Amino acid sequence: EEGEGTAKQDVATKQAMKEASELLQKGGIVAFPTETVYGLGADARSTAAVEAVFAAKGRPADNPLIVHIAERSQLEELVTEIPAVALTLMDVYWPGPLTIVLPLRPNVLSPRVTAGLDTVGIRMPDHPVALALIAASGCPIAAPSANRSGRPSPTLASHVQEDLVGRIDGVLDGGPAGVGLESTVVRVFSNGQIQVLRPGGITIEQLSATTGATVISTGGADEEAQSAISPGLQAVRTHVNTVDSEAPRSPGVKYTHYAPQGELNIVRGSSAQVVATKIKFLLDKAAHEGAVTGLLAFDEHIPFYGLNPASVVISLGSLVNPAETAHKLYASLRLFDEMAVDYILSEACPEEGLGEAIMNRLIKAAGGRIIDIG
Ligand code: TXA
Ligand code: MG
């Protein structure tokens, strides 16, 4: 019986896949799961389809989309040059959460995809549904995250529905996304340097260990996040600017992203206990003023807060498991919205490894509001 059920499910999945790929071929827009977050796909060669994606999301037209491929052979028609270090990155990380920005071959993609830039971000997602859909549609698929612009990226098909129902042609449900944060976006230079434009699932430590290349980090260097960057990174950024003042940042970093509807602030300090005391004080004050309050805290610190520190308390998972924090961050932000929370305080985590991407997204969600208590 079990075998029969699975077979039926396969047929259903195949049918959904067939319909989704046909929609894409006809210029439709379809959301699909990837290993990072759900994407909203369109035929990257079709200006009408790509414009429909921007319209459904409410996304500013100057923020380019990532192009998704299923096979390495699709790459040559899209780009004019593949530096050796990019090949190494593809060997190691594709399929996977790494987007590589390369020089665009003219007249292949709709110019809307790249917002008129002469480069294109390309990635091969590590998800069977995404890979099958791209292969079945037979075209490069432009896909931003499948959320309304400014909302947390979707890590479940139901998040896509929440944001985009009635605005898109369909959603392929592949269950929860794995990583939970968007891909790392890198630019690679002919001299072998790698510049991180957006931190993500592949960490800077990994990039430099696997390539031996100089990895320069500008991730999180947007207006809101500026104050939160550690002195080390700031030094690196200054260095970047002197080395290559032309290097564009990921255009997407200038927009406020991922924000919950309530006001989110991050409280940061060297002692978790002192941070908890400060957070508890601020939450109590807000509650007295009539706010529905929310707390995002790590499991290890929950005991510091005593009973009922906020109307809604959500765990960021364990401090020793940043993958768990990444996996649940966006769903947690959406949960605060569902519970109509209007004042949220969050702990911070160390900005190393995956923690850098986590803090990058959290700081954006907070609109840059960080309360530093030393
Ligand atoms: O994990 C992901 O990357 C997800 C899944 C669906 O693949 N996609 C995603 O797309 O996060 P989106 O559109 O939400 O973010 C794309 C980011 C933006 O910050 C954009 O500015 C940057 O990539 N980007 C795209 N093309 C670029 C280019 N040619 N140069 C610099 N940055 C680029
Ligand atoms: Mg996005």
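A residue is called buried here if 20 or more other C-beta atoms lie within 10 Å of its own, exposed if 12 or fewer do, and partly exposed in between, with the C-beta atoms placed from the backbone. Take Ser153 as a test case: it has 26 C-beta neighbours inside 10 Å, so it counts as buried. Keep that yardstick in hand, as it comes back often.

A few ground rules first. This is a predicted model, in which local features need pLDDT of at least 70 and side-chain atom pairs count only at pLDDT 80 or more, while totals for chains, interfaces and linings use all residues. Residues are numbered from 1 along each chain as its sequence is written, and chains are lettered from A and ligands numbered from 1 in the order in which they are written.

Now the overall picture. The protein chain has 374 residues, and 47% of them count as buried. Its secondary structure comes to 10 helices and 15 strands; these are DSSP runs numbered from the N terminus, with helices (H or I) of at least four residues and strands (E) of at least two. Two residues are in contact, or touch, when their C-beta atoms, placed from the backbone, lie within 7 Å. Among contacts between residues at least 6 apart in sequence, 68% join residues at least 24 apart.

The chain is also split into domains, whose bounds come from an automatic or database domain assignment. Domain 1 is made of two stretches, 6-81 and 97-171, while domain 2 covers 184-254 and domain 3 covers 263-372. Where domains 1 and 2 meet, 11 residues of domain 1 are in contact with 11 residues of domain 2. On the domain 1 side, strand S4 (residues 98-103) supplies the largest share, 4 residues. That side divides into 6 nonpolar, 4 polar and 1 charged residues; here Ala, Val, Leu, Ile, Met, Phe, Trp, Tyr, Cys and Pro count as nonpolar, Asp, Glu, Lys and Arg as charged, and the others, Gly among them, as polar.

Next, the annotated positions. An unreviewed UniProt entry gives the feature "binding site" at Arg59, Asn63, Thr119, Arg123, Ser145, Ser153, Arg198 and Tyr258. The positions use the numbering used here, feature names are shortened, and annotations may be inferred rather than shown by experiment. These residues span 200 residues in sequence and the farthest two C-alpha atoms are 25.2 Å apart, so they do not all gather at one spot.

Two of them do meet, though. Ser153 sits in the loop between strand S6 (141-142) and helix H5 (157-164), and Tyr258 in the loop between helix H7 (231-243) and strand S11 (263-268). Leaving out residues up to four places away in sequence, Ser153 touches Val37, Ser145, Asn147, Glu182, Tyr258 and Tyr330. Counted in that way, Tyr258 touches residues including Ser153, Tyr330 and Arg361. Tyr258 is buried too, with 25 other C-beta atoms within 10 Å.

The UniProt annotation "binding site", again from an unreviewed entry, also covers Thr36, His68, Ala143 and Ser183. Although spread over 148 residues of sequence, they cluster in space, with a largest C-alpha distance of 12.7 Å. Thr36 lies in the loop between strand S1 (30-32) and strand S2 (39-43), and it counts as buried with 29 C-beta neighbours inside 10 Å. Among the residues it touches are Ser183 and Gly201. His68, found in strand S3 (residues 66-68), is buried with 26 other C-beta atoms within 10 Å, and its contacts include Arg123 and Ala143.

Follow Thr36 to Gly201, in the loop between strand S9 (194-198) and helix H6 (204-211). Gly201 touches Thr36, Pro97 and Ser183, among others. The C-alpha atoms of Gly201 and Gly96 are separated by 8.7 Å, though the two are 105 residues apart along the chain.

Finally, Tyr330 leads to helix H9, where it is one of the buried residues, along with others including Leu329 and Leu333. What covers those buried residues includes H5, strand S12 (293-297), strand S13 (312-315), strand S14 (343-347) and helix H10 (354-365). H9 has a kink of about 40 degrees centred on Leu329, the bend being the angle between axes fitted to the seven residues ending there and the seven starting there. Just after H9, Ala340 takes a positive phi of about 55 degrees.
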